[in-house]
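Dear colleague,

Please find below the structure that I am handing over to you. My findings follow it.

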Amino acid sequence: PMWPQGAIHTEHLRSGSNPGLWHCEGEQDTFNTFAAESAQRASWVVRWLLIPMIRTLLNNMYEMENYLTEECMDLDWTTVRPPELQNAPETDKEILTYDGYFVPDQDGNPITNAVTRGDVARFMLSQLNEDTWVKKSVAMVTV
């Protein structure tokens with residue numbers, strides 16, 4: 001079948017260094033691309049402990065984004081993909097965005113691994129009068 005952008009069929013990964021690590025049981029044999037893109041740069045703890053623990057959450061995120069793309073064309077929506085959320089107010093830092101699962105630096109690694117909840121709210125509120133990310137998913141960070 002034709003997989004939408006943001007989905008990877010697990011057979012593409014089974015040939016990698018961790019065969020079967022990302023295998024998902026059930027009808028939907030896909031997972032969130034963020035896991036695939038990040039896994040190659042992630043530590044052992046993330047790859048072998050964290051990702052298996054949150055695999056269901058990643059699949060649910062993929063299903064939600066697919067539903068928005070396929071079934072909600074009459075709505076204006078934006079999916080925001082921040083890194084780890086910190087319980088702190090907004091800052092005056094610059095907001096960077098990227099059409100992907102994380103905002104990369106020049107080497108392709110995530111620029112930062114955390115953002116304040118206040119800055120995520122600031123970004124989301126700024127999008128109320130913008131159409132740049134309508135019907136799209138966006139990674140965002142502050143620097």
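At which residue does helix α3 bend, and by about how many degrees? Helix α3, which covers residues 44-71, bends at R55, by about 55°. Please note that this is a predicted model.

The same helix has several buried positions: I51, L58, N59, Y62, E65 and L68. An α-helix has 3.6 residues a turn, so residues three or four places apart point the same way.

As to the overall architecture, the chain contains seven strands and four helices. Their order along the sequence is β-α-β-α-α-β-β-β-β-α-β. Of the 143 residues in the chain, 34% are buried. Contacts between residues at least 6 apart in sequence were also examined, and 72% of these join residues at least 24 apart. The exposed area of the chain is about 9,200 Å², and 53% of that area is supplied by carbon and sulfur atoms.

One loop residue may also be of interest. Q127 lies in the loop that runs between α4 (117-126) and β7 (136-142). Is Q127 to be classed as buried or exposed? Q127 counts as buried because its relative accessibility is 16%, and the cut-off for buried is under 20%. In addition, the side chain of Q127 forms a polar contact with the side chain of S126, at 3.2 Å.

Yours sincerely

Conventions:
Residues are numbered from 1 along each chain as its sequence is written. This is a predicted model: local features need pLDDT of at least 70, side-chain atom pairs count only at pLDDT 80 or more; totals for chains, interfaces and linings use all residues. Side-chain values use heavy atoms; hydrogens and water are left out. Helices (H or I, at least four residues) and strands (E, at least two) are DSSP runs, numbered from the N terminus. Buried means under 20% relative accessible area, exposed over 50%, partly exposed in between (1.4 Å probe, protein chains only). Contact means heavy atoms within 4.5 Å. Accessible areas come from the Shrake-Rupley method with a 1.4 Å probe; for residues, only the protein chains shown count as cover. The bend at a residue is the angle between axes fitted to the seven residues ending there and the seven starting there. A polar contact is a pair of N or O atoms within 3.5 Å; within protein, one must be able to donate a hydrogen and the other to accept it, and residues adjacent in sequence count only if both atoms are side-chain atoms.
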